[in-house]
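This briefing goes through a helix crossing, two single residues and a set of salt bridges. Please keep the sequence and the structure at hand while reading.

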Amino acid sequence: MTTDLTPPDPARFNLTSFADLLPSRAPIIGEDPRSFEGFHNGMMQSLLPMTPYEGVIAENLIAIEWELLQHRRMRDAGLRRAVSNHVSKAVVKREEATHDAKLDAAWEAHEAEGGTEGDWKDPFTFDRQTAQAAGQTLAQNAVSRDPDTFQAACAEIEGLGLDVLDLLSRAYRSFEASVTKHEDKLPELERRRREVMRDFDALQRARPIAGEVIAG
């Protein structure tokens, strides 16, 4: 039995790295390929696999961590969409109330001048599409990374009679099925991460010699 514990050289297999044996990951719609590449490279530098098998286990661990991040992103996207719907409806309701108030004032002025229903012409047309667009803009500002834009949007939402914390709670309730689906997936992925990490730690502790880090 050989006593040579030198790590195998990838060049012997016409490879620059044993990571070349692993299939490349195609991007999925909704993801930023550059984000995954940066995430993958950072994780590989942190895990420092030194054998081909360590590299495979490291790839499994990175895939689990990435999936965890994506489920959190999908959950949060669902919540933002639900909040956006609530905010948009509130803005439309406010604009309808403003329109109705103007219409009532115009009717009172018409009556004061001796006008009747027969000669009444509606001077205002409610533009629902514009109101909905204003609601969507406000909802987008409410998730802005700019602190001033964010604070101004929250203040305007509060001015609509909506409590922002209650708004988030209502978003959870109205989007419960989809949110729950992602929430339920997270513990399963976290359990798998712990198991794979235990395997990876055991491999590292069992290293007979020091080797060179396998590039990701």
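Is Glu-190 buried, partly exposed or exposed, and what is its relative accessible area? Glu-190 has a relative accessible area of 24%, so the residue counts as partly exposed, because this class runs from 20% to 50%. The model is predicted. Glu-190 takes part in a salt bridge with Arg-72, one of nine salt bridges counted in the model.

**Salt bridge between α6 and α2**

- The side chains of Glu-190 and Arg-72 pair at an N to O distance of 3.4 Å.
- Glu-190 belongs to helix α6, which spans residues 176-205, and Arg-72 belongs to helix α2, so the salt bridge ties together parts of the model that are 118 residues apart in sequence.
- Arg-72 is partly exposed, at a relative accessible area of 27%.

**Other salt bridges**

- Side chains of opposite charge can pair when their charged atoms come close.
- Glu-188 and Lys-185 form a salt bridge in which the closest N and O atoms are 3.6 Å apart.
- Both residues are in helix α6, and because Glu-188 and Lys-185 are three residues apart there, about one helical turn separates them.
- Glu-188 is partly exposed at 31% relative accessible area, and Lys-185 is partly exposed at 24%.
- Another salt bridge joins the side chains of Glu-95 and Arg-94, with an N to O distance of 3.2 Å.
- Glu-95 has a relative accessible area of 28% and is partly exposed; Arg-94 is partly exposed as well, at 31% relative accessibility.
- A network of salt bridges links Arg-75, Asp-76 and Glu-183.

**Crossing of α2 and α3**

- Helix α2 covers residues 52-112 and helix α3 covers residues 128-141; their axes come within 8 Å and cross at roughly 135°.
- The crossing angle makes α2 oblique to α3, because an angle has to be over 145 degrees to count as roughly antiparallel.
- The handedness of the crossing between α2 and α3 is right-handed.
- On the α2 side, the residues that meet α3 are Ser-84, Val-87, Ser-88, Val-91, Val-92, Glu-95 and Glu-96.
- On the α3 side, the residues that meet α2 are Arg-128, Ala-131, Gln-132, Ala-134, Gly-135, Gln-136, Leu-138 and Ala-139.
- Sorted by class, this contact of α2 with α3 holds seven nonpolar, five polar and three charged residues.
- Glu-95 thus appears twice in this briefing: this residue of α2 is part of the contact with α3, and its side chain forms the salt bridge with Arg-94.

**Glu-65**

- Glu-65 is a residue of helix α2.
- Its relative accessible area is 18%, and Glu-65 is therefore buried, because the cut-off for buried is under 20%.
- With its neighbours within four places in sequence left aside, Glu-65 is in contact with Phe-39, Met-43 and Arg-193.

**Leu-48**

- What is the sign of phi at Leu-48, which is not a glycine? Leu-48 has a positive phi of about 55°.
- Leu-48 sits in the loop that runs between α1 (33-47) and α2.
- Leu-48 counts as partly exposed, at 35% relative accessibility.

Terms used:
Residues numbered from 1 in each chain as written. Predicted model: local features only at pLDDT ≥ 70, side-chain atom pairs only at ≥ 80, totals over all residues. Heavy atoms only, no water. Axes fitted to C-alpha atoms, helices over the stretch in contact; angles between N-to-C directions. Helix = DSSP H or I, 4+ residues; strand = E, 2+ residues; numbered from the N terminus. Parallel < 35°, antiparallel > 145°, perpendicular 65-115°, else oblique. Left-handed = near helix turned anticlockwise from the far one by under 90°. Contact = heavy atoms within 4.5 Å. Nonpolar A, V, L, I, M, F, W, Y, C, P; charged D, E, K, R; others polar. Buried < 20%, exposed > 50% of the residue type's maximum accessible area, 1.4 Å probe, protein only. Salt bridge = Lys/Arg side-chain N within 4 Å of Asp/Glu carboxyl O.
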